[in-house]
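Reader: I would like to learn how to read a protein model feature by feature. Could you take me through strands, helices and aromatic rings in turn?

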Amino acid sequence: MTSAKEIIALAEQFASQANLSGNGNSEADAALAQSASALGLVTTKDMLGSGSDSLYISELSRNLAEFLTDDRKGILRREGGIMSLVDLWAVFNRARGGVELVSPTDFEKAAQMWDKLKLPVRLRRFKSGLLVVQGRDRTDEKTISSLLGWLQELHTAPPPGDIGWDWEKYGRGVTAQEAAEWFGWSVGVATEELEMAEEKGALCREQGLDGIRFWENWIVQLPTVEVITVDT
């Protein structure tokens with residue numbers, strides 16, 4: 001997960017850069033954007049001119065999708081398939097190597113165009129308002145299945161310390177920190193995914209002295225779901 005210092009440094013660097021480009025011809029701008037893409041370059045406002053904001057946003061949207069789905073970089077894979085938009089903004093700007101930084105406003109506009117452009121990634125807003133980026137094929141059902149698969153694996157090993165329940169039958173509760181470490185998510189994303197699974201009835205929470213733990217929901221009988229086992 002990107003640190004606050006890195007995000008602040010990027011924001012300050014962005015604020016210090018001046019956009020000195022002039023107006024351009026729309027057809028020439030489109031050709032330039034296509035050429036830059038073909039050469040593997042990232043389109044910037046300086047390339048297209050200040051009068052081509054809509055084209056710049058659409059090209060930036062495509063650049064972002066390519067950046068996220070590039071198997072060589074493995075950006076989403078390293079983050080467990082999902083990451084916050086703020087973290088992606090910081091990672092993407094760092095990767096530009098000093099080329100004109102993307103403002104947070106333009107970045108969010110570009111991410112919002114993924115659906116319109118039918119790109120393989122999508123922007124998702126959790127109930128708390130947290131914006132995250134994930135693959136288009138990722139669904140709540142798949143996430144719940146992965147969470148339940150992990151929790152069922154915990155039935156095979158006794159929890160540490162004194163145990164006052166049948167752990168082989170009921171397993172144990174997990175924290176957001178543990179989920180983050182297991183799946184490669186940030187703690188913020190892990191909290192949101194666990195709460196999503198709780199809201200849908202797959203998990204229930206236990207509020208204890210050591211914080212909140214999430215358990216398989218033994219109170220409500222859920223329909224049978226296919227459980228995904230995650231190899232680590």
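Reader: How many bridges pair strand S4 with strand S5, and in which sense do they pair?

Author: In a regular strand the side chains alternate between the two faces of the sheet. In this model, which is a predicted one, strand S4 (residues 203-208) and strand S5 (residues 211-216) are paired in the antiparallel sense over 6 bridges. The two strands are joined by a hairpin that passes through 2 residues, and within the pairing Cys204 of S4 stands opposite Trp215 in S5.

Reader: What is the order of the strands in the open sheet of 3 strands?

Author: The order in that open sheet is S1-S3-S2, and the pairing is antiparallel. Strand S1 (82-84) and strand S2 (121-125) are the edge strands, since each of them pairs on one side only. On average, neighbouring strands of this sheet are turned by 30 degrees against each other, with direction ignored. Between S1 and strand S3 (residues 131-135), which run antiparallel, there are 3 bridges, and here Ile82 stands opposite Gln134 in S3.

Reader: Which helix packs on the sheet, and which strands does that helix touch?

Author: Helix H6 (residues 85-95) packs on the sheet and touches S1, S2 and S3, while its direction makes about 85 degrees with that of S1. To judge how enclosed a helix is, we can count its buried residues, where buried means under 20% relative accessible area. In H6, 8 of the 11 residues are buried, so this helix is largely enclosed by the rest of the structure. The buried residues of H6 are Leu85, Asp87, Leu88, Trp89, Ala90, Val91, Phe92 and Asn93. Just after H6, Gly97 takes a positive phi of about 60 degrees.

Reader: Why do the buried residues of H11 lie on the same side of that helix?

Author: An α-helix has 3.6 residues a turn, so residues three or four places apart point the same way. In helix H11 (residues 176-183), the residues Ala176, Ala179, Ala180 and Phe183 are buried. These residues cover an arc of only 100 degrees around the axis, which puts them on the same side of H11. Among the elements that cover the buried residues of H11 are H9 and helix H12 (187-199). Just after H11, Gly184 takes a positive phi of about 85 degrees.

Reader: How should I read a pair of aromatic rings, and how many aromatic pairs are there here?

Author: A pair of aromatic rings is described by the distance of the centres and the angle of the planes. The count for this model comes to 6 aromatic pairs. In one of them, the rings of Trp150 and Trp182 have their centres 5.7 Å apart and their planes at 15 degrees, so the pair is stacked, given that planes under 30 degrees apart count as stacked. Trp150 lies in helix H9 (residues 140-153) and Trp182 in H11, so this pair ties together parts that are 32 residues apart in sequence.

Reader: Are Trp150 and Trp182 buried or partly exposed?

Author: Trp150 is buried, with a relative accessible area of 5%, whereas Trp182 is partly exposed, with a relative accessible area of 27%. Another stacked aromatic pair is formed by Phe183 and Trp185, at 4.5 Å centre to centre and with 15 degrees between the planes. Phe183 is buried at a relative accessible area of 12%, and Trp185 counts as buried at 7% relative accessibility.

Reader: Which residues form one aromatic cluster?

Author: Trp150, Trp182, Phe183 and Trp185 form one aromatic cluster.

Key. Residues are numbered from 1 along each chain as its sequence is written. This is a predicted model: local features need pLDDT of at least 70, side-chain atom pairs count only at pLDDT 80 or more; totals for chains, interfaces and linings use all residues. Side-chain values use heavy atoms; hydrogens and water are left out. Two strands pair if DSSP finds at least two bridges between them. Helices (H or I, at least four residues) and strands (E, at least two) are DSSP runs, numbered from the N terminus. Axes are lines fitted to C-alpha atoms, for helices over the stretch in contact, and angles run from 0 to 180 degrees between N-to-C directions. Contact means heavy atoms within 4.5 Å. Rings of Phe, Tyr and Trp (its six-membered ring) pair if their centres lie within 6.5 Å; planes under 30 degrees apart count as stacked, over 60 as edge-to-face and the rest as tilted. Buried means under 20% relative accessible area, exposed over 50%, partly exposed in between (1.4 Å probe, protein chains only). The arc is that of the directions from the helix axis to the C-beta atoms.
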